[in-house]
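Grab a coffee and work through these exercises with the structure open beside you. Each task comes with a solution you can follow step by step.

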Amino acid sequence: MTRLTGRALRVTIFIGENDTWHHKPLFSEIVHRAHKAGLAGASVFRGIEGFGADSLIHTSRILSLSEDLPVAIIIVDTGDRVRAFLPELDELVGQGLVILDDCEVIRYVGGDTKERA
């Protein structure tokens, strides 16, 4: 069972939906590497509109439908574990934004759902 409470570090990676790593979606590669590194968890969120350093607006609105919507990957774990993972992000993220935030985890418990009943 995985547990995490108290002070933690959140890393948020902003990239484009079409960004790839060896012909595989970059967001998927990041999630799989975070899993392999034993981090507490990772989630990917697809944006409906946004712009980055290139100043081009990407949107899901039908009249200006973009094929490269913004994607955010959020990973939360202890500060040491997140910082140990940063070299992986340096290797993977050529264009995008990576930010770190201190946070406090109130409750994070994994394991058998029967135990939660």
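Two strands count as a pair if DSSP finds at least two bridges between them. Keep in mind that this is a predicted model.

**Exercise 1. Work out how S1 and S7 pair, and over how many bridges.**

Step 1: Check the direction: S1 and S7 pair in the antiparallel sense.
Step 2: Count the bridges, and you get eight.
Step 3: Pick one residue to follow across: Ile13 has Ile73 in S7 as its bridge partner.

**Exercise 2. Put the strands of the open sheet in order.**

Step 1: The sheet has four strands, and the order reads S4-S7-S1-S8, with antiparallel pairing.
Step 2: Look for strands that pair on one side only: these are the edge strands, S4 (42-46) and S8 (97-105).
Step 3: Now the twist: ignoring direction, neighbouring strands are turned by 20° against each other on average.

**Exercise 3. Place the helices on the strands.**

Step 1: H1 lies across S1, S4 and S7, and runs at about 5° to S7.
Step 2: H2 lies across S1, S7 and S8, this time at about 20° to S1.

**Exercise 4. Find the largest nonpolar core and say what builds it.**

Step 1: This core has 17 residues, with Ile13, Ile15, Ile30, Ile73 and Ile75 making the most contacts inside it.
Step 2: S1 (6-16), H1 (26-36), S7 (70-77) and H2 (79-92) each supply at least two of its residues.
Step 3: Apart from this core lies another one, of five residues, including Leu4, Ala8, Cys103 and Val105.
Step 4: Zoom in on Ile15: leaving out residues up to four places away in sequence, Ile15 touches Phe27, Ile30, Ile73 and Val93, among others.

Definitions and conventions
Residues numbered from 1 in each chain as written. Predicted model: local features only at pLDDT ≥ 70, side-chain atom pairs only at ≥ 80, totals over all residues. Heavy atoms only, no water. Core = buried A, V, L, I, M, F, W, Y, C linked by side-chain atoms within 4.5 Å. Buried < 20%, exposed > 50% of the residue type's maximum accessible area, 1.4 Å probe, protein only. Contact = heavy atoms within 4.5 Å. Axes fitted to C-alpha atoms, helices over the stretch in contact; angles between N-to-C directions.
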